[in-house]
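Visitor: I'd like to go through this structure with you, a piece at a time. Could you take my questions as they come?

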Amino acid sequence: MEHNEIATFLKDKDADAAWITTPLNIFYLTGYLSEPHERLFSLLVTKDGEETLFCPKMEVEEAKNAGFTGNIVGYLDTESPFDLIEQQSYKTFAIESEHLSVKRLREIEKAFNVETIVDIDQVLKDIRNVKTNDEIELLQEAAKYADLAIQAGVDKLEVGVSEIEVLNHIETTMKQHGISKMSFDTMVLFGDHAAAPHGTPGERTLKENEYVLFDLGVIYKGYCSDITRTVPFGTPSDKAQEIYNVVLDANNQAIEMIKPGAKIADCDKVARDIISNAGYGEYFPHRLGHGLGLSVHEFPDISSANTDEFKPGMVLTVEPGIYVPGVAGVRIEDDIVVTEDGHRILTGYQK
Ligand code: MN
Ligand code: MN
């Protein structure tokens, strides 16, 4: 993969090299996915375009098999990778300031005789922000599995079943479909228990006539989905249904305005105004959504603070919610791709 953006950035900043450390960014750039835990794992990109991957020695073969063709420095647990390379000086050095630890930064400054640090974080966010068609296809597949997972949860609903039992059924079903990992901890919340936006599923059992909130996603070939459906079991109270209809309206109308050139902040505003005008403004305490890709939460932020415009290839969530303690919690979340002339909804489960 060509990444002229990195070369351009290094040139603009008069920087000698970049040190990329977020595992998913390394995956994006090299095709090699690794979870190094506390071990050093990084991709050095010099201004001449030379790439060197630093990884534990036991991973060298896997990195090559993943298709990475640059240099690889594999080190043993008892070695410092910096002792294995020729002395280098990179006076101006680009790092991911949102990821690199202070301890590692000190090691690097010493190893490479660094004088000036610059941040490359935004460049990497921008590269991942606009998805290729291949990436969008994988995100579409991930969303289809999310729809299946909601259906699995709905199929398990009966009076007396616990949140944990339903959760377990969803994840077992997904494994039967070959999905080895959910994109985050699956959420199944019954009735008023859903009034905590980030509640934890537990022993709460299902009663007649309440809503069930599912928030879940899968990882398909590295790409994440993230869907929320709030599904009636029987006939929830009039108040709960009223809340549902306001959230549904906010979800639909916010999605409706997504197209290239539309302001991201306005998308949040469309949903927020609908909820505020219905009298529930104080019960919608989070941003409208977030970017989606290799990470389940990534750039861009879909909030009133984002002054950017939608661009073709962005993939994001729209997830308005209203949470009234003791009454009901409703959130409806879809995954959306911005197309050349509008948008396409990747998640399909009925609302
Ligand atoms: Mn989400
Ligand atoms: Mn979600």
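**Metal site and a helix pair**

Guide: Asp226 is a good place to begin, and in this predicted model Asp226 is buried, with a relative accessible area of 3%, which falls under the 20% cut-off for that class.

Visitor: Which metal ions does Asp226 coordinate?

Guide: Asp226 coordinates both the manganese ion (ligand 1) and the manganese ion (ligand 2), and these two ions are 3.2 Å apart.

Visitor: And what are the protein donors of ligand 1?

Guide: The manganese ion (ligand 1) has as its protein donors Asp226 through OD, His290 through NE2, and Glu319 and Glu333 through OE, at 2.1 to 2.2 Å from the ion. Along the chain, the donors of this manganese ion (ligand 1) follow the spacing D-x63-H-x28-E-x13-E.

Visitor: Where do Asp226 and Glu333 lie?

Guide: Asp226 is in the loop between β10 (223-224) and β11 (227-233), while Glu333 is in the loop between β16 (328-331) and β17 (334-338), so the pair ties together parts that are 107 residues apart in sequence.

Visitor: Is Glu333 buried or exposed?

Guide: Glu333 is buried, its relative accessible area being 0%.

Visitor: Switching to helices, at what angle do α1 and α5 pack?

Guide: Helix α1 (residues 4-12) and helix α5 (residues 121-129) pack at about 155°, with their axes 10 Å apart; since angles over 145 degrees count as roughly antiparallel, that is how the two are described. The crossing of α1 past α5 is right-handed.

Visitor: Which residues make the contact?

Guide: From α1 they are Glu5, Ile6 and Phe9, and from α5 they are Val123, Leu124 and Ile127. By class, the contact of α1 with α5 has 5 nonpolar, no polar and 1 charged residues.

Key: Residues numbered from 1 in each chain as written. Chains lettered and ligands numbered in written order. Predicted model: local features only at pLDDT ≥ 70, side-chain atom pairs only at ≥ 80, totals over all residues. Heavy atoms only, no water. Axes fitted to C-alpha atoms, helices over the stretch in contact; angles between N-to-C directions. Helix = DSSP H or I, 4+ residues; strand = E, 2+ residues; numbered from the N terminus. Parallel < 35°, antiparallel > 145°, perpendicular 65-115°, else oblique. Left-handed = near helix turned anticlockwise from the far one by under 90°. Contact = heavy atoms within 4.5 Å. Nonpolar A, V, L, I, M, F, W, Y, C, P; charged D, E, K, R; others polar. Donors = N, O, S within 2.8 Å, 3.2 Å for Na, K, Ca; no water. Buried < 20%, exposed > 50% of the residue type's maximum accessible area, 1.4 Å probe, protein only.
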